[in-house]
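Student: Could you take me slowly through one part of this structure, and then show me how a few unusual backbone spots elsewhere are placed? I would like a careful, connected explanation.

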Amino acid sequence: MAEVLRISREGEVTILEIDNPPVNATSQAVRRALIDAVQRAQSEIETKAIVICGAGRTFTAGGDITEFGKPPREPHLPDVINRIEESAKPVVVAWHGTALGGGCEIGLGAHKRIIAKEGLVGLPEVKLGLLPGAGGTQRLPRLIGPVAALDLIASGRMVSAPEALRLGLVDAVAEKDLRREAIALARGLIGQMQPRLSLRATPAAEPEAWQAMVEKVNREARGRIAPQRAIELVSQSLTLPFATGQANERRAFFELMNSEQSRGLRHLFLAEREAGKRPELAGITPREVKQVGIIGAGTMGSGIAVAFLDAGYKVMLLEADDVALQAGLDRVNGLYLRSIRSGRIDENTRLERLSNLAPTTEMGRLAACDLVIEAVFEDMGVKLELMKKLAGLLPSSTLVATNTSYLDLEPMADALPAPERFLGLHFFSPAHVMKLLEIVRARRTSPEALATALAIGRKLKKIAVISGVCEGFIGNRILAKFRAQCEFMLEEGALPREIDAAMEAFGLAMGPFAVQDLAGLDIAWARRKRLAGTRDPAERDVPLVDRLCEEGRFGQKAGKGWYVYDQGRRLADPHVEALVRAHAASTGRPQRAFSAQEIQNRVVTAMVNEGAKILAEGIAARPADIDLVLVNGYGFPNWRGGPMHYADGLGLAQILAMAKSAEARDGRGFEVAGLLAELVAGQRNFAALNGG
Ligand code: 3HC
Ligand code: NAI
């Protein structure tokens, strides 16, 4: 077995360096080596102090996620940390890179902590549906007070070195050489009594500040259990002895580990890291991209420009004329001003980023770009016209991408002399904020173009998922089925507010009808009108949006849509409900009440059935990719792991039965996915298709 702990000595200080690539996770071998080394150091006369540090890019990312869900193996991390704390010889921990989870808790067991200037520290367990399980909920409040501790534990956010110092989480920030300064700090402690956090009382909290933090955590938890358990455990640090608090924490840790929520979040963590690993792209070197051209500076083009500027690219922004260009620049500026107001960036950063932006109305200048993305109107005629112009202008090596939401990529590829460099880069609005990026592979897109797009996705810090070409790609195609199902229920006795309430209780930030009001119903209306001629008359169609739009109910911007809006407050409208009821009666379908559960099941079934078709057609490579799309682009609750993971938990036999009744009820347009039936017959699930 590789050596996971390197032991060396500098004079009277023994240095224990964790070396367990890629992220120094505290796996069993590391725990064993650490406890043995600390134990041994107690009896070595040469050793008078100990420094624990990490090799490579990071101190440690904490508990080994690949061990989770398996029977825990000794020595357990809390015991290792208790042993460190009890050391008669001073222990200093030197944090660099990221000191997360168990890595942070090791530091809390030590007698002093020092962090590198660029270092980050945090307890992100909550993001995996967990809580710190090695004393973090009990030691951190004793060190920095219960309010700040609850904030860090319940949010899972990482703090920078200066903030860690301000909070009292570290004793020092290294000026230059972390290791050297850690050794000096350890030397200074030799011969002194060492402070043990577990023996310290948690400082009392300001009642108002504590109450405000508790309310914030409850508000932001939105269905997640772990943050709520954090409140309970941090408050126990005020009243219970350390050992009792730690035992309670350990129990909570394992309960959460076995919870559906944690399984869902862990599934997404691994899915994110798998999404970019495509066997067919192994060994393909991405092309270097420095200068990006963006055509169209509307809602999307301006957001995409900011996303690239923020990631350090040079951006050329092209508009049709000076007026449109100025409007686009105002939008870009507006996005930056908002970031300044929210404290995310300062004025200097804004100026620095804008210095990489070249606005233009001269298309010829795009010839200098490595990648050109079009974000002009969603109109095939306009896009084809543009592609023809680009064909005569760009070297055939320039990558060309479209941000289209629905249009077919093939005719656009046909318009270019080298179609293998063409692909879709489907950003989500607002493009500089939303994490999801669908990379759309057209029939002739080259592996090099795809590998380059994945590399760009990483640099933009997006979650990039590859999709094949179909109407709406992965996300919008599933969304269409989800929405249709919600509208079908309106014809059977459900009201918009009931469906929204059921889906919000499921964990969506906003129900589907409220979302439509926010986006504007006129968009859906225009699309419906455009597609009216091609719609299959045998397909179930609900024309309620047309009725609302005919009355000028375009959504929030008109003050009314599916709801009415009173100073931003959404209120059910008896007029709309009467309209829905009258339409429902006109269909002749039986009317009845819906439970929240039935609404949720129907929506999930529609999504999963379509997801299975998308997989069978090869549009998505893995069920986990579909989960990433729905969670990161469409607000599907992350703690449910995405629709495909959730379906596995519900049982695919049940989903299949529900899909069959939907097929019987909804007819053409809702065919049961063959893959779903196959998986049930073979007693398999989506996880098996993920290779997990
Ligand atoms: N355990 C095992 N493997 C891990 C890991 C962990 N905690 N964290 C990351 N990895 C793996 C990733 O799966 C990935 O593997 P791959 O190369 O095979 O795909 C590799 O390390 C690199 O990870 P990233 O691609 O994420 O690298 P980044 O540099 O982008 O990010 C990071 C590094 C910030 C450390 C990020 O990986 C991260 O946030 N990790 C999770 C941290 C976390 O949640 N820790 C808490 C664990 S729970 C715990 O500590 C319990 C304790 O309280 C008892
Ligand atoms: P928009 O209408 O806000 O912006 C389009 C911009 O393109 C306008 O500023 C227009 O002046 C400019 N333009 C049109 N023709 C041009 C040309 N030949 N040369 C230079 N500029 C030109 O549209 P939006 O919403 O930004 O959408 C753009 C594209 O992004 C569409 O394909 C849309 O489907 C897609 N999209 C939109 C999303 C959204 O939420 N709005 C989400 C994801 C994709």
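Tutor: Let us begin with Phe 473, whose place is in helix H18, the helix made of residues 473-490. The model is a predicted one, and in it the phi angle of Phe 473 is near 50°, which is a positive value in a residue other than glycine. Is Phe 473 buried or exposed? Phe 473 has a relative accessibility of 0%, and because buried means under 20% relative accessible area, Phe 473 counts as buried.

A useful partner for this residue is Gln 567, which also has a phi near 50°, again a positive value in a residue other than glycine. Gln 567, however, lies in a loop, the one between strand E18 (563-566) and strand E19 (569-572). The relative accessible area of Gln 567 is 79%, and since exposed means over 50%, Gln 567 is exposed. Looking back over the pair, Phe 473 is buried, whereas Gln 567 is exposed.

The backbone has other spots to look at, and these concern the peptide bond. Pro 21 and Pro 22 are joined by a cis peptide bond, with an omega of about 5°. If you look for Pro 22 along the chain, you will find it in the loop that lies between strand E2 (13-18) and helix H1 (28-43). Another cis peptide bond runs from Glu 74 to Pro 75, and there omega is near -5°. Pro 75 is likewise placed in a loop, in this case the one between strand E3 (49-54) and helix H2 (77-86).

From these single residues we can turn to an arrangement of several elements, an open sheet of 3 strands in the order E5-E7-E8, whose pairing is mixed. At its edges are strand E5 (98-100) and strand E8 (158-160), each of which pairs on one side only. On average, neighbouring strands of this sheet are turned by 20° against each other, if direction is ignored. Helix H3, which covers residues 102-109, packs on the sheet and touches both E5 and E7, while the direction of H3 makes about 85° with that of E5.

Finally, what joins strand E7 to E8? Strand E7, made of residues 120-122, is joined to E8 by 3 bridges, and these two strands run antiparallel. Within this pair of strands, Leu 120 stands opposite Ser 160 in E8, which gives you a particular place at which to begin tracing the pairing for yourself.

Technical notes
Residues numbered from 1 in each chain as written. Chains lettered and ligands numbered in written order. Predicted model: local features only at pLDDT ≥ 70, side-chain atom pairs only at ≥ 80, totals over all residues. Heavy atoms only, no water. Pairing = 2+ DSSP bridges. Helix = DSSP H or I, 4+ residues; strand = E, 2+ residues; numbered from the N terminus. Axes fitted to C-alpha atoms, helices over the stretch in contact; angles between N-to-C directions. Contact = heavy atoms within 4.5 Å. Buried < 20%, exposed > 50% of the residue type's maximum accessible area, 1.4 Å probe, protein only.
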